[in-house]
Amino acid sequence: MTNDVVLTAALRTNLLSLQNTQSLIDITQNRLATGKKINSALDGPQAFFASQALNNRAGDLGRLLDSIGQSIQVIKAADTGVTALTTMVEQADALVTSAREAVANAQSEAKVTGTKDLRNVDDLRAIVGWPADALTRISFTLTTQEGVSRATGEFATPLVTGATTNIDVAAGTSTEDLLARLNSIVDADGTHVIKAELDAKGQLSIKTTNGDSLNMNFTTTTDNDVTNLGLANALGFGDQVRIVDDGAGASNVSITAIADTALRSFSLYDSTTAPDTIANRSDLLSNLVNASGTSLFGNLDNAADDFVISINGGAGQRIELTSGGASISIQGFIDQINNNGSLNTKIKAEFDEETGQISLRPIDGSVKSITTTLEADAGGATANFGFGTTALTTADADPIGEHITFGDSVAELAKLESDYNKLRDQIDALVSNGDTGYRGTNLLFGDDLLTVFNEDRTSTITTEGVTFTADGLGLDVADFSRIDTVEDSIENVREALETVRNFGSTLANDLSVIQARQTFTSSMVTTLKEGSALLVNADQNEEGAKLLALQTRQQLGVTALSLASQSQQAILRLFG
């Protein structure tokens with residue numbers, strides 16, 4: 001074409017050389033700018049895609065590191081909960097241990113203590129308020145834990161043979177004389193059964209030494225409530241005794257102390273079977289007998305046949321013993337007590353399926369005494385549960401009752417039960433309210449934790465959760481009424497403590513594994529990124545040296561191009 005510019009071969013060669021040099025300069029400058037020698041698949045597909053795979057894996061593992069870190073926090077939250085639970089269960093252990101001591105104390109002795117200082121009294125009858133009667137008598141009846149009246153006598157000269165021992169306080173009887181006579185009371189085998197002493201305040205303390213229940217009855221020649229109460233007051237027992245009906249139209253001023261944590265009936269048997277078998281809840285009271293086959297309930301056929309319960313001498317609460325002209329069942333008796341708003345905050349009625357015993361157990365520390373009374377119609381009735389020392393039997397409409405006191409240990413047990421149950425509630429609150437959870441995962445309330453360690457989810461660890469509520473740990477509602485139930489609670493608490501500690505060890509082991517994998521994964525991410533960089537990153541020193549060399553080559557190429565064009569310039573001078 002006429003417009004083509006004709007270049008010499010030398011010029012064309014030098015131009016091509018300069019173009020190649022500029023291309024290399026551009027590549028080198030790009031490497032220096034990006035820091036990479038492979039910026040796309042066009043620069044080196046094998047290295048580019050290998051680097052990209054390494055970076056992808058590093059990214060996946062990096063995201064897993066976040067998940068692993070959250071798993072560690074879940075376990076740490078659970079471990080904090082385990083620490084708190086351990087403290088609570090250890091506190092429960094301390095409570096049940098104290099309960100065992102209190103039950104042992106309560107079941108070892110029946111004790112009454114007066115409130116008057118009797119130290120150095122040479123003649124008790126000279127005490128202000130002492131009845132001016134010819135006879136002032138304290139009668140003692142001891143009943144075994146099986147409900148059998150123990151025949152007792154006064155050691156030197158028994159005043160009365162049989163189940164009751166009378167201590168008459170004659171003129172000139174000193175405090176020391178009274179103590180000596182009380183301490184001389186023995187059973188039929190000659191074993192001492194009562195220990196009497198003055199406490200630090202000079203108050204008369206009388207207790208049994210063999211676990212028997214103790215009934216004290218105060219009588220005088222006049223034998224009315226006023227003079228009998230005067231005798232009790234003079235000895236310091238006025239605030240503890242009660243006037244109770246005797247079933248014969250009269251009354252007694254008496255007190256019964258039991259060596260137990262609850263009022264317990266005889267073991268009840270069903271007389272409708274042959275032979276008699278342990279009663280069940282549905283058995284009617286009228287069909288019940290004791291272990292010897294003696295009927296315990298009779299003439300329960302009238303709406304007026306009631307069992308009256310009074311707490312701490314307060315208002316009596318009537319428990320109906322009949323329904324529709326027939327006696328109620330054991331369960332009916334228990335339900336009436338437990339549904340009575342005046343009683344169910346103070347005592348709890350229970351039935352032991354194994355022993356066949358009904359129990360009335362204080363559940364409030366303020367309960368010091370229970371007065372039980374049988375009231376019946378003109379035909380009389382029998383409701384001899386065996387709660388105290390008196391058989392509740394009436395020949396007619398005259399009521400009969402008994403005033404029964406508990407030892408100090410019973411109030412302590414009621415408080416221990418309350419504290420224990422409160423602790424159970426706090427264990428439930430700690431676990432079930434999500435306090436020990438982290439971002440919706442609660443290992444202490446049944447949730448499992450899956451921790452993934454690699455991108456294809458083939459390497460994992462599952463931390464299995466537990467249910468550490470009070471029920472889940474086997475911590476039943478407290479029943480410190482008997483030594484066997486306390487021992488059960490102790491065993492449950494010890495097992496719960498071991499369970500919590502073992503789970504703490506499991507958490508520690510899983511945490512160690514997860515933390516080790518976290519460190520490994522973090523190192524692997526670094527290794528992958530380094531490997532990726534080795535494939536695509538440029539050597540800055542090398543690329544800088546290349547650029548200098550290429551720039552020199554470019555300058556030399558320009559010089560060479562200039563020399564190649566000098567021949568044409570010479571021709572141009574011919575026209576000058």
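Helix H6, which covers residues 408-432, has 25 residues that at 1.5 Å a residue should span 36 Å, and since its end C-alpha atoms lie 37 Å apart, the expected and computed values agree. The model is a predicted one, and H6 belongs to a protein with nine helices and 28 strands. With a radius of gyration of 48 Å, well over the 25 Å that the globule rule gives for 576 residues, the protein is more spread out than a compact globule.

**Two helices and the residues after them**

- Just after H6, Gly 434 takes a positive phi of about 85°.
- Helix H1, made up of the 26 residues 9-34, reaches 38 Å from its first C-alpha to its last, which is close to the 38 Å expected at 1.5 Å a residue.
- The buried residues of H1 are Leu 11, Asn 14, Leu 18, Thr 21, Ile 25 and Thr 28.
- H1 is followed by Gly 35, and the phi of this glycine is positive, near 80°.

**Overall dimensions and packing**

- The C-alpha trace of the protein spans about 175 × 60 × 40 Å along its principal axes.
- Of the 576 residues, 44% count as buried.
- Among contacts with a separation of 6 or more, 67% are accounted for by residues 24 or more positions apart.

**Surface and charge**

- The protein exposes about 27,500 Å², and carbon and sulfur atoms supply 50% of that area.
- The protein carries 39 positive and 74 negative charges, and the mean positions of these two sets are 17 Å apart.

Technical notes. Residues are numbered from 1 along each chain as its sequence is written. This is a predicted model: local features need pLDDT of at least 70, side-chain atom pairs count only at pLDDT 80 or more; totals for chains, interfaces and linings use all residues. Side-chain values use heavy atoms; hydrogens and water are left out. Helices (H or I, at least four residues) and strands (E, at least two) are DSSP runs, numbered from the N terminus. The radius of gyration is taken over C-alpha atoms; the globule rule is 2.2 Å times the number of residues to the power 0.38. Buried means under 20% relative accessible area, exposed over 50%, partly exposed in between (1.4 Å probe, protein chains only). Contact means heavy atoms within 4.5 Å. Accessible areas come from the Shrake-Rupley method with a 1.4 Å probe; for residues, only the protein chains shown count as cover. Lys and Arg count as positive and Asp and Glu as negative; His and the chain ends are not counted. The place of a charge is taken as NZ of Lys, CZ of Arg, CG of Asp or CD of Glu. The expected span of a helix is 1.5 Å times one less than its number of residues.
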